[in-house]
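Subject: Structure handover

Hello,

Here is the structure I promised you. Please open it and keep it on screen while you read my notes.

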Amino acid sequence: MRRMKAYIKAVRFNVPEKRLSNKDMTKLVDTSDEWIFTHTGIKFRHIADEDTSASDLVFKPCREVLEQAKISPEEIDLIIVATTTPDFPGYPSTACILQDRLGAVNAGAFDITAACTGFIYALEIASNFIKSGAARNILVACSEIMSKTMDWSDRNTCVLLGDGSAAALVAVNDIATDSEIMFSTLRAEGNGAPYLIRELGGSRFPFHPDKKTDKHSYLQMDGQKVYHFAVRVLCDTVKTIIEKTNISLDDIAYIVPHQANVRILQAASKRLKIPLERFYINIEEYANTSGATIPIALAEMDIKGLLKRGDYIMTIGFGGGLTYGGNLLRW
């Protein structure tokens with residue numbers, strides 16, 4: 001019996017039109033363009049309108065990947081949405097909202113929460129559905145409206161984040177190519193949960209309308225601890241993928257990491273002795289869009305013609321949870 005292979009058949013992205021520069025940020029908090037750029041690599045971030053939700057933002061790239069892949073919404077078997085900023089808390093899932101809006105009447109739908117590693121996790125889940133024969137076409141969507149989770153008076157976080165979305169169609173590879181999601185590693189360090197957290201609104205600290213909104217309703221981050229975690233696990237994940245697959249680093253066309261802070265990538269590049277040019281970096285334009293950063297980067301690369309079928313691509317994610325992991329793709 002022939003082994004089923006899953007691959008990314010199409011990928012597209014969408015960001016809000018509103019674009020805030022570092023100069024714009026200096027009007028909100030005590031900072032400067034030079035400080036933000038030298039410490040993070042960020043120049044701009046895109047911010048959604050007040051009435052835009054996660055499903056609104058990702059609807060366009062979902063439609064585009066179906067057109068690119070030449071399949072109808074009725075042919076989608078499953079929709080997986082990776083988001084930390086869903087349309088609604090808990091239920092209905094953002095995936096269900098998308099399923100209805102797209103007209104994907106034959107699809108199951110669910111959300112996952114793995115923060116900045118969301119795409120890595122969702123891709124492996126989709127891959128296993130395909131390999132098991134349970135599905136042929138799976139829509140993996142990542143959408144984050146980080147601007148609605150931030151304290152805009154906290155200069156340590158508000159300069160870092162932006163809004164964005166992307167969608168990928170994961171499908172059975174029944175054509176004569178080597179394209180495949182070859183290997184994934186999914187990991188977590190739950191003891192670091194307090195380092196990146198938004199406390200209010202869950203069953204631990206439920207929202208009460210009679211209580212004043214405070215800092216606990218916003219994203220909180222221990223920047224130093226997250227930084228050290230990110231550098232360590234980025235390096236560890238690259239090494240794990242190389243060891244488990246016996247693929248040489250020289251064979252990797254691009255490493256596509258989560259776009260959190262350029263200093264993380266610079267430190268990892270130095271430790272791994274990999275030129276920074278081998279990493280695809282677009283944080284200057286979009287800032288940190290959490291789980292959407294990696295598929296946005298892949299979509300941008302595809303549009304630019306940087307991704308060639310048969311190339312080895314490594315994706316690396318790390319973020320809240322704490323979660324981390326990576327995929328080896330044969331594009």
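At what angle do helix H7 and helix H8 pack, and how far apart are their axes? Keep in mind that this is a predicted model. Helix H7 covers residues 223-245, and helix H8 covers residues 262-272. They pack at an angle of about 45°, and their axes are 9 Å apart. That angle makes H7 oblique to H8. The crossing of H7 and H8 is right-handed.

Look at the residues that make this contact. H7 brings Tyr 227, Ala 230, Val 231, Arg 232, Leu 234, Cys 235, Val 238 and Lys 239. H8 brings Arg 263, Ile 264, Leu 265, Ala 267, Ala 268, Arg 271 and Leu 272. Of the residues in this contact, 11 are nonpolar and four are charged. No polar residue takes part.

Why give both an angle and a distance? Two packed helices are described by the angle between their axes and the distance between the axes.

**A second helix pair**

Now find helix H3 (residues 54-69) and helix H4 (residues 94-102). Their axes cross at roughly 50° and come within 10 Å. H3 and H4 are therefore oblique to each other. Their crossing is right-handed.

On the H3 side you will see Ala 54, Ser 55, Asp 56, Val 58, Phe 59, Cys 62 and Arg 63. They meet Thr 94, Ile 97, Leu 98, Arg 101 and Leu 102 of H4. This contact of H3 with H4 has seven nonpolar, two polar and three charged residues.

**The cores**

How many residues does the largest nonpolar core have? It has 41. The residues with the most contacts inside it are Ile 8, Phe 119, Ile 138, Val 170, Val 256, Leu 298 and Ile 313. Several elements each supply at least two residues of this core. Among them are strand S1 (6-14), strand S4 (78-82), strand S6 (137-145) and strand S7 (163-172). Strand S11 (252-257) and helix H10 (293-304) are also on that list, as is helix H5 (118-132). H5 gives the most, with seven residues.

Zoom in on Ile 138. Leaving out residues up to four places away in sequence, Ile 138 touches Leu 78, Ile 80, Ala 126, Phe 129, Ile 130, Ala 168, Leu 169 and Val 170. Apart from the largest core lies another one, of 27 residues. Its members include Leu 234, Phe 279, Met 314 and Leu 328. Leu 234 also belongs to the H7 side of the contact with H8.

One general point helps here. In soluble globular proteins, nonpolar side chains tend to be buried together.

**Ile 36 and Thr 31**

Next, go to Ile 36 in helix H2. Is Ile 36 buried or exposed? At 0% relative accessibility, Ile 36 counts as buried. Setting aside residues up to four places away in sequence, Ile 36 touches Asn 22, Met 25, Thr 31, Gly 41, Ile 42, Arg 45 and Val 159. Try one distance too. Ile 36 and Thr 289 are 253 residues apart in sequence, and their C-alpha atoms are 16 Å apart in space.

Thr 31 sits in the loop between helix H1 (22-25) and helix H2 (33-40). Thr 31 has a relative accessible area of 18%, so it is buried; the cut-off is under 20%. With the same sequence neighbours left out, Thr 31 touches Met 25, Thr 26, Ile 36 and Val 159.

**Unusual backbone spots**

Most residues other than glycine have a negative phi, and most peptide bonds are trans. Four places here are worth checking against that.

- The peptide bond from Tyr 91 to Pro 92 is cis, with omega near 0°. Pro 92 lies in the loop between S4 and H4.
- The peptide bond from Gly 321 to Leu 322 is cis too, with omega near -10°. Leu 322 is in the loop between strand S12 (312-319) and strand S13 (323-330).
- Lys 70 has a positive phi, near 60°. Lys 70 belongs to the loop between H3 and S4. With a relative accessible area of 73%, Lys 70 is exposed.
- Ala 115 has a positive phi of about 55°. Ala 115 lies in the loop between strand S5 (108-112) and H5. At 13% relative accessibility, Ala 115 counts as buried.

Best wishes

How values were computed
Residues numbered from 1 in each chain as written. Predicted model: local features only at pLDDT ≥ 70, side-chain atom pairs only at ≥ 80, totals over all residues. Heavy atoms only, no water. Core = buried A, V, L, I, M, F, W, Y, C linked by side-chain atoms within 4.5 Å. Buried < 20%, exposed > 50% of the residue type's maximum accessible area, 1.4 Å probe, protein only. Helix = DSSP H or I, 4+ residues; strand = E, 2+ residues; numbered from the N terminus. Contact = heavy atoms within 4.5 Å. Axes fitted to C-alpha atoms, helices over the stretch in contact; angles between N-to-C directions. Parallel < 35°, antiparallel > 145°, perpendicular 65-115°, else oblique. Left-handed = near helix turned anticlockwise from the far one by under 90°. Nonpolar A, V, L, I, M, F, W, Y, C, P; charged D, E, K, R; others polar.
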